[in-house]
Amino acid sequence: MSAMTDQTSSFDIQRVPFESPTFDVMDGAARWEIKVHEHGMIALVDVMPRLVPQGQTADAAIVQAARVSYGQGTKKVNEDRGLIRYLMRHRHTTPMEMIEFKFHVVMPIFIARQWIRHRTANVNEYSARYSVVPDRFYVPTIDNVRQQSKTNRQGGEEPVDVGTAQDFLNYLERCHSAYKEYESLLEKGVSRELARIGLPVSVYTEWYWKCDLHNILHFLSLRMDAHAQQEIRDYAGAMFALIKPIVPIAAEAFMDYVHEGVHMTRLEIESLRTGKPLATDNKREQAEWEEKRKKMGL
Ligand SMILES: Cc1cc2nc3c(=O)[nH]c(=O)nc-3n(C[C@H](O)[C@H](O)[C@H](O)COP(=O)(O)OP(=O)(O)OC[C@H]3O[C@@H](n4cnc5c(N)ncnc54)[C@H](O)[C@@H]3O)c2cc1C
């Protein structure tokens, strides 16, 4: 027998019941799924907290964490909705980290490349070294073949003419025909890890992606924004739709203070105060100020 003794058996675990009846924030469902484009999807597969007191939402976990720092007796911010909105406005973010969401996402590799830049999530991706890549490719609809933006070097805007759109779709078709060769090379015995490297970035991958609410809202602030590529915005919008019923108060505050809000620079405030043009000859900064003025209806 080992000389080491099992000390864990000496701990007395007290199982403290909930003070009031609880319910499952996902209504007992295994997953909440939203289809994105022809082959993609995002599914919410788990949440922490999964059980919350009846009549509340998972927002309660934010309040519970915040009250540890503000104290139960805090009078000025003792109303839950007001507290969460206060935290959002003042970027007191750690209480938001007490909530976690786990998603299963199926998306093209070019979107996954943008998504993976968000380093604060836990990710487990489908291995194309281990399994055969399924025959799924992203193809935009013909009216969504966008022309290069004149103002944003990274962006696309209005659709190209129908003939050019068709040329683009034909070009994708030719790229996707690489899949047949991929299959036949696998049959000839080429390893999966090498055979996959000839596939285009429109091919789909999938992963489990777990992240806390604070970092999800940061992700959404960047990827629901008009400057993000349309295709990842489609996923970000679906992600927001999945979390909104679970944390409706935080979601509303995010919309009010972050997504629909406007951050202003000192130069912009100065221009607004004096009525003078923005004190810079940087064209991009001027264009950004114009965008913000438009958003504010000025
Ligand atoms: C419209 C758009 C265009 C983009 N264009 C490009 C591009 O052309 N080229 C390119 O390479 N990328 C590009 N990106 C990616 C961008 O630069 C960020 O890498 C990405 O948005 C992730 O942002 P993040 O680092 O804030 O997020 P996360 O990685 O989720 O990090 C969240 C926050 O945690 C903190 N953090 C995380 N890791 C560290 C760390 N190691 N050190 C310090 N702080 C850390 C930071 O405060 C960070 O804001 C683009 C992003 C967007 C939205």
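**Close-up 1. Arg 31 and Glu 33 meet in a salt bridge.** In this predicted model, the side chains of Glu 33 and Arg 31 come together with an N to O distance of 2.9 Å. Arg 31 has a relative accessible area of 30%, so it counts as partly exposed. Glu 33 falls within the residue range of strand β2 (32-36), an edge strand that pairs on one side only. This pair is just one of the salt bridges here: a search of the whole structure turns up 14.

**Close-up 2. Five strands line up in an open sheet.** Reading across the sheet, the order is β2-β3-β5-β9-β6, and the pairing is antiparallel. At the edges sit β2 (32-36) and β6 (122-125), each with a pairing partner on one side only. Neighbouring strands are turned against each other by 20° on average, ignoring direction.

**Close-up 3. Strands β5 and β9 run antiparallel, with a helix packed on the sheet.** Here 9 bridges join β5 (residues 100-108) to β9 (residues 204-212). To pick out one of the partners, look for Met 107: its bridge partner in β9 is Thr 205. Then find helix α7 (residues 213-223), which packs on the sheet and touches both β5 and β9. The direction of α7 makes an angle of about 130° with that of β9.

**Close-up 4. A cis peptide bond leads into Pro 49.** The bond in question runs from Met 48 to Pro 49, and its omega is near 5°. As for where to look, Pro 49 lies in the loop between β3 (40-48) and β4 (51-53).

**Close-up 5. His 37 and Arg 91 have positive phi values without being glycines.** For His 37, phi is near 60°, and the residue is found in the loop between β2 and β3. With 23% relative accessibility, His 37 is partly exposed. Arg 91 has a phi of about 50° and lies in the loop between α2 (80-89) and β5. Is Arg 91 buried or exposed? Arg 91 is exposed, because its relative accessible area is 72% and anything over 50% earns that label.

**Close-up 6. Asp 80 and Arg 67 tie two helices together.** Their side chains form a salt bridge, with 3.4 Å from N to O. Asp 80 belongs to helix α2 and Arg 67 to helix α1 (residues 59-70), so the pair connects parts that are 13 residues apart in sequence. The two partners get separate labels for accessibility: Asp 80 is partly exposed at 32%, whereas Arg 67 is buried at 13%.

**Close-up 7. A salt bridge between Lys 292 and Glu 268 links distant parts of the chain.** The N to O distance in this pair is 2.9 Å. Lys 292 sits in helix α11 (residues 283-295) and Glu 268 in helix α10 (residues 266-274), 24 residues apart. How do the partners fare for burial? Lys 292 counts as buried at 19% relative accessibility, and Glu 268 is buried too, at 2%. The cut-off for buried is under 20% relative accessible area, so Lys 292 qualifies with its 19%.

**Close-up 8. Four side chains share a salt-bridge network.** Arg 81, Arg 85, Glu 252 and Asp 256 are joined into one network by salt bridges that share partners. Arg 81 and Arg 85 fall within the residue range of helix α2 (80-89), the helix that also holds Asp 80 from close-up 6.

Terms used: Residues numbered from 1 in each chain as written. Predicted model: local features only at pLDDT ≥ 70, side-chain atom pairs only at ≥ 80, totals over all residues. Heavy atoms only, no water. Pairing = 2+ DSSP bridges. Helix = DSSP H or I, 4+ residues; strand = E, 2+ residues; numbered from the N terminus. Axes fitted to C-alpha atoms, helices over the stretch in contact; angles between N-to-C directions. Contact = heavy atoms within 4.5 Å. Buried < 20%, exposed > 50% of the residue type's maximum accessible area, 1.4 Å probe, protein only.
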